[in-house]
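Please find below my notes on the model, set out as numbered points for discussion.

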Amino acid sequence: MMQHGLSGTATLGPSGTGSSDYREPKRRPNYGKTSAIFALNYPNKESFGFLLTAERLWTNSGAAPERPANTRIGDDPELTHVTLVWREGRHEDWVKFGKPVTERILSRSERIESYKAGQMFALVRWASNNYGTVRSTLDIVQAVSLGKQCATVPQVDPGGELLLSVHGWPKVAQVFRLIDAVVASGIDPCDVAPEHWRHIHNRMAGRLTPRDYTPARHQAWLKRKALLP
């Protein structure tokens, strides 16, 4: 699959390390639509999971806030906008999987991708300073319709339904492997049942092994989806 984006195309190095200054920049292949950017490890801090039992709302009423003018793409208020930044070695964002309906390049280091309600994407964010990696996160988000209650997600406007969220390179790498397993079975991660990503999040939070997403499970989801309003 051809790679493209805002920066170079160096491949991922070995993952995981005990060193506090370990860095693993640049990109990995993604599925569906390649976005610019890549994310890495977070060896300085072990993240502890949490169950996705509640959502943080933008406002008490759940209404979406006014979008900044520079993020309005095609004047379509129904879209969810994802800002991706690439400053090599400092701040590198990347979409592991996702199929944006439109995109806009703001500069050599920043772009915005937009998704319609119901679409899912996996946003990976990495940052470092002079002493090493300071952030490595992966969020799987489902875009929501205008005015619907949603969770706040960094760099996602106005937010979305947060299906999975992990922090720290070991957990990010584990989710990468689970996504790769879905692809290896011939299934597009963008089409996976949202409940599967929630299942993975909660099983990882409990330090348990997630179930595999098999073609039989996927077919069952597609049949159920066809019956949804």
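**Notes on strands and cores**

1. Strands E3 and E6 (residues 120-129) pair in the antiparallel sense over 6 bridges, where strands (E) are DSSP runs of at least two residues, numbered from the N terminus, and pairing requires that DSSP finds at least two bridges between two strands. Within this pairing, Phe 97 has Ala 122 of E6 as its bridge partner.

2. This is a predicted model, in which local features need pLDDT of at least 70 and side-chain atom pairs count only at pLDDT 80 or more, while totals for chains, interfaces and linings use all residues. Residues are numbered from 1 along each chain as its sequence is written, and side-chain values use heavy atoms, with hydrogens and water left out.

3. Strand E3 (residues 91-98) is mostly covered, 8 of its 8 residues being buried, that is, under 20% relative accessible area with a 1.4 Å probe and protein chains only. E3 also runs antiparallel to strand E2 (residues 80-87), to which 2 bridges join it, and Trp 86 is bridged to Glu 92 of E3. In the hairpin of E2 and E3, with 3 residues between the strands, Gly 89 takes a positive phi near 80°.

4. The largest nonpolar core (buried Ala, Val, Leu, Ile, Met, Phe, Trp, Tyr and Cys residues joined through side-chain atoms within 4.5 Å) has 26 residues, and Phe 97 and Leu 138 are among those with the most contacts inside it. Helix H1 (169-184) is one of the elements that each supply at least two residues of this core, and H1 gives the most, with 7 residues.

Technical notes. Buried < 20%, exposed > 50% of the residue type's maximum accessible area, 1.4 Å probe, protein only. Helix = DSSP H or I, 4+ residues; strand = E, 2+ residues; numbered from the N terminus.
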